[in-house]
Amino acid sequence: MALFSANKPAPALDRSLRRLPQHVGIIMDGNGRWAQKRGLPRSAGHTVGAQNFKKITRYCASIGIRYLTVYAFSTENWKRSEEEVGALMRLFQQYLEESLRDFLDEDIKVRFIGDTTAFSPRLQKLIEETREVCKNRTGMVLNIAMNYGGRAEIVHAVQQLCEKVQRGELAPNEVTEQQIADHLYTAGQPDPDLIIRPSGEMRVSNFLLWQSAYTEYVVSDILWPDFTPEDLEKALDDYCLRHRRFGGVEESR
Ligand code: IPE
Ligand code: IPE
Ligand code: MG
């Protein structure tokens, strides 16, 4: 029986033999604090955070992660100052313009989860163009959560199901867990195996509420702009040592 407690260091892992998670989620948090620590405006943290997003995305694709979901902007982030929201919108636009150009040769299938109709027409057009360019790709699926909230996503799914019931296409007792999952933005994708939250906050902040019922969490104190591929590797090592039971009894190892 091998048990590793917090005060007993885990033995070194052979990373080539590791069981990689299929689907990783990242709450890209800590940009504001990163900037404040340097006496910079919060928007400077978002700029460096966006650069890091590209680096970590490419790294995940290179090691064979199949699905990556990144939390870029929540339904609650509109509460921030007009200046900060404006800076974030400009960054999203710049990122999508660049990614249409730079990621052309990369086999990453970019998708968007969240209510994108709230964005400017220019940003919505870029979102549409990106979707179109990526639609036949077969590499890693990258879900960018923008104006995303787990509760809003469930409400949206329930509304669609109610409409089907109203049209007589579905009976109320045919509304199952599978039906709800099939009406989420992530329909057809596996649930996240691992969610990483940089910046030390120990909360979910409305991210993938339905999908994370049995997700493993790794919280890191590193702020997102400083989070490196090696920090990601450490989170993957940590994930490998978890014993997932899904409410059942673990099989002997
Ligand atoms: C995450 O960083 C980016 C967004 C929420 C858009 P924050 O801006 O939340 O950074 P902190 O948590 O204030 O440091
Ligand atoms: C979660 O971070 C949202 C994103 C990283 C996009 P927040 O900074 O908004 O979360 P709270 O407010 O600390 O819970
Ligand atoms: Mg934050």
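**Two ligands and their surroundings**

Helix H1 provides the largest share of the shell around ligand 1, namely 3 residues. The model described here is predicted, and the description begins with this ligand. Helix H1 (31–37) is joined by helix H2 (42–63) and helix H3 (82–102), each of which supplies at least two residues of the shell. Around ligand 1 there are 13 residues, of which Asp29, Gly32, Arg33, Arg42 and Arg80 come nearest. Sorted by class, the shell of ligand 1 holds 3 nonpolar, 5 polar and 5 charged residues.

Several polar contacts can be followed atom by atom. The side chain of Arg80 has an N or O atom 2.7 Å from an oxygen atom of ligand 1, and for the side chain of Arg42 the corresponding distance is 2.9 Å. Asn31 takes part through its backbone, with a polar atom 3.1 Å from an oxygen atom of ligand 1. On its own, ligand 1 has 380 Å² of accessible area, and the protein covers 87% of it. The space that ligand 1 takes is the largest pocket.

Attention now turns to ligand 2. Its surrounding residues include Ile27, Met28, Tyr71, Phe73 and Arg203. Strand E2 (residues 67–74) contributes the most to this shell, with 3 residues. By class, the shell of ligand 2 contains 5 nonpolar, 2 polar and 4 charged residues.

Which side chain has an N or O atom 2.6 Å from an oxygen atom of ligand 2? It is that of Ser205. For the side chain of Asp29 the distance to an oxygen atom of ligand 2 is 3.2 Å, and for a polar side-chain atom of Arg80 it is 3.3 Å. Taken alone, ligand 2 exposes 390 Å², of which the protein buries 78%.

Methods. Residues numbered from 1 in each chain as written. Chains lettered and ligands numbered in written order. Predicted model: local features only at pLDDT ≥ 70, side-chain atom pairs only at ≥ 80, totals over all residues. Heavy atoms only, no water. Near = heavy atom within 4 Å. Polar contact = N/O pair within 3.5 Å; in protein donor to acceptor, adjacent residues only side chain to side chain. Areas by Shrake-Rupley, 256 points an atom, 1.4 Å probe, with all protein chains shown as cover. Helix = DSSP H or I, 4+ residues; strand = E, 2+ residues; numbered from the N terminus. Nonpolar A, V, L, I, M, F, W, Y, C, P; charged D, E, K, R; others polar. 1 Å grid on protein atoms, 1.4 Å probe; cavity = no way out; pocket = protein on both sides within 12 Å on 5 of 7 lines; lining within 4 Å. Sits in = over half its atoms within 2 Å of the grid points.
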